[in-house]
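Please look through the structure below with the sequence beside it. The paragraphs that follow go from one helix to the charged residues and then to some unusual points of the backbone.

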Amino acid sequence: MTRPISLEYNGEVAVIQSDNPPVNALSHAVRSGLQDAFLQVISEGKARAIVLICEGRSFFAGADIREFGGPMLEPVLPDLINQIESCPIPVVSAIHGTALGGGLEVAMGTHYRVTADSGQLGLPEVNLGLLPGAGGTQRLPRLVPMDEAAGMITGGRPIRAQKAIEIGLVDKVVPLADLRAEALAFAQALIRDGKSPRPTSANDCDQMNANRFAVLSDKVRKSARGSVAPLKCLEALEAAMLLPFDEGLAKERALFLDLVQSDQRAALTHAFFAERQVGKLPEIKGVSPRDIATVGVVGGGTMGAGITVCSLLSGLDVTLIERDAESVDRATSTVSKLLMGAVKRGKLSQQACDAILSGSFRASTDYTDLAQADLVIEAVFESMEVKKEIFGTLDQVCRQGAILASNTSYLDLNAIAQMTGRPANVIGLHFFSPAHVMRLLEVVVGNATAPDVTATGFALAKRLGKIAVRAGVCDGFIGNRILSQYQKANNATVLAGASPFDVDAALTGFGLAMGPFAVGDLAGLDIGWANRKRPAPTRDPGEVYPEFADRLCEMGRFGRKTGRGFYIYDDAAPNGRPDPEVEEIIAEERAEKGIAPRAIDASEIVERYMAAMVNEAARIVEEGIALRPLDVDVTLLNGYGFPRWRGGPMQYADTVGISKILSDINRFTEDDPRFWQAAPLLERLAQEDRSFASLNTQGE
């Protein structure tokens, strides 16, 4: 086996190089090789400086994820970095690609840093429920201002090379093609100028007074919404300010090891791996996707315009179809505004925006303009009749081999596909609003959908920068089917005695960014109203159906867009304040139904919410609508605001125990035996003392 670390000499400069594809992860072999190489250079005594550089597409991009969860073999990274920092001759890091996590910690352990102009540097450990555990929290604020260090460590986002030199993290930025030569020249200049090693640990830590640190802590606590790791990061940074370096390192390590053992670390690690596993499907293994260069979008409303924009931003050519000239103008204006928003955010240059609007994008009322499209996505409102008519038309005008996709969020894709003579080429691509922002894409596979069409859906998602989840056909697919059930549970909780505001408060306390009733106001209560009307004719007459949300809609109260929904929105409360009239409407309904309200605390609200969610998710997995429990977790994390640090509903159930979820369901059965019926899979797993995680390899 080829050793990943090599050593060569360039005059008086030793060049230690890593070649551990694909991203030079800091595996045991790399750590051991680095230690040996540094010891060899020092013992041979031929070099007066060292350049540390990596082959391939990146500098050290972090830990080797294959070692997660197992014992860390020596040399452990903190010790290795301390050894590098104590080297008696100057050490220069030559950074390209990404220097992330342990990779940046290694770079900060060297004495000087030269980076390619395309390089990115960051400490993203917080995204895995950890903190930088190899000196990152102690060295970074000794190189950059404390507020910059806190932002990088508690936020986890990398910075670009230009930002890195502005704040003092690196010493020089050079063109990528010149990196090796520039790093050697930098090292030779150090020798010529008689420069000594410059250990970061010897620097004074940037200080922040108590008031400013308290303000920072409050800001981080609010944004963390229950996540522990960002607050532990602050503890480590505070230690950097208050303690000598060695004591700060010890404090950092203790905090790191505590986090390693936490449920949140396990949940975030689960989410990390689940998002990488979700696209690995037996049905598309070895299947080549079709080439997609030209896309048609039917419908230029909020969703259609968003789909158009994310397609344009990924380099696709898009033709948007609307029903009349006025609608075309309105859709064109919306697309232009969204693109200009990307320009203002620095995501797109004005020149590129102008080129898109004059070349890659066009809008029309003529379906024949879609004749040569590789893919057409229908994005009109949820009417089966309208969608069937559109697909019949598309079948007539689109070329053979073109893929026809529906953005339907609930309707039967198989019924839509039957309106064409090419059901194998029909697929569901359920985007989430706003489509140019939200990461989730449900790829809905019909009974006749061809494997290469499914593969194309996943390839398109990757091109658009989205996470694709395979879903089977049912009412609401994965996400909306689960949503309908947990919202039923929330509504029943309100009828039983809680207010909508109690529910929202309990669930934001659980970690949601917004409570479900506030989300309804934001999305528009009329949307949920329409979805409830659709199955009304087949609703169980014995079901206790909460009517208060319907009554609000009947009063013309659709949420933020009308100024009133569950909350009141006005100049005094632009983000909403509880409306006492809503509680009066609910009280009237309770009286009509003979329900005596009782006090329901926050813990029971959460238990009802999670029991309904997990129970329906178990049914979805058992039916094969979701291939694995991890598909459910990825869906809820990326499309429905489920707290990432809880890992998703199935990971949550494994954490608290499936028997606990089942016990809650059985307890709630006393209130409503029609709704609270345990899924067979849930009962079976509880009986067998198995977890949902044990099912994540099924289908492989």
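In which helix do E604 and R608 both lie, and how many residues apart are they? Both are in helix α24, 4 residues apart, which is about one turn of the helix. An α-helix has 3.6 residues a turn, so residues three or four places apart point the same way. The model is a predicted one, and in it E604 and R608 form a salt bridge, with their closest N and O atoms 3.1 Å apart. E604 is buried, with a relative accessible area of 11%. R608 is buried as well, at 3%.

The helix that holds this pair can be checked by its length. Helix α24 covers residues 602-623, and at 1.5 Å a residue its 22 residues should span 32 Å. Its end C-alpha atoms are 32 Å apart, so the expected span and the distance in the model agree. Helix α24 is mostly covered, since 17 of its 22 residues are buried. After the helix comes G624, whose phi is positive, near 85 degrees.

Other salt bridges connect parts of the chain that are distant in sequence. R481 forms one with E623, the closest N and O atoms being 2.8 Å apart. This pair links helix α18 (residues 479-496), where R481 lies, to helix α24, where E623 lies, and the two residues are 142 residues apart. R481 counts as buried because its relative accessibility is 11%, and the cut-off for buried is under 20%.

The side chains of E283 and R470 also meet in a salt bridge, at 2.4 Å from N to O. E283 lies in the loop between α11 (263-277) and β10 (294-298), while R470 is in strand β17 (residues 467-471), so the pair ties together parts that are 187 residues apart in sequence. Is each partner buried or exposed? E283 is partly exposed, with a relative accessible area of 28%, whereas R470, at 14%, counts as buried. The count of salt bridges in the model comes to 45.

Some charged residues gather in patches on the surface. One patch is positive and consists of R157, R160, R345 and K347. Within this patch, R157 is found in the loop between α5 (146-155) and β8 (159-160). R157 is exposed, with a relative accessible area of 69%. A second patch is negative and brings together D502, E583, E584 and E588. Helix α23 (residues 580-593) gives the largest share of the negative patch, 3 residues. E588 lies in helix α23 and counts as partly exposed, at 47% relative accessibility.

The backbone comes last. Most residues other than glycine have a negative phi, and most peptide bonds are trans. Which peptide bonds are cis here? One runs from P21 to P22, with omega near 5 degrees, and another joins E74 and P75, with omega about 5 degrees. P22 is in the loop between β2 (13-18) and α1 (28-44), and P75 is in the loop between β3 (49-54) and α2 (77-85).

The loop between β2 and α1 also holds N24. The phi of N24 is positive, near 55 degrees, and N24 is buried, with a relative accessible area of 1%. F477 likewise has a positive phi, near 55 degrees. F477 is found in the loop between β17 and α18, and is buried, with a relative accessible area of 0%.

Terms used
Residues numbered from 1 in each chain as written. Predicted model: local features only at pLDDT ≥ 70, side-chain atom pairs only at ≥ 80, totals over all residues. Heavy atoms only, no water. Patch = residues over 30% accessible without salt bridge, like charges linked within 9 Å, V, L, I, M, F, W, Y side chains within 5 Å. Areas by Shrake-Rupley, 256 points an atom, 1.4 Å probe, with all protein chains shown as cover. Salt bridge = Lys/Arg side-chain N within 4 Å of Asp/Glu carboxyl O. Lys, Arg positive; Asp, Glu negative; His and termini not counted. Charge placed at Lys NZ, Arg CZ, Asp CG, Glu CD. Buried < 20%, exposed > 50% of the residue type's maximum accessible area, 1.4 Å probe, protein only. Expected span 1.5 Å × (residues − 1).
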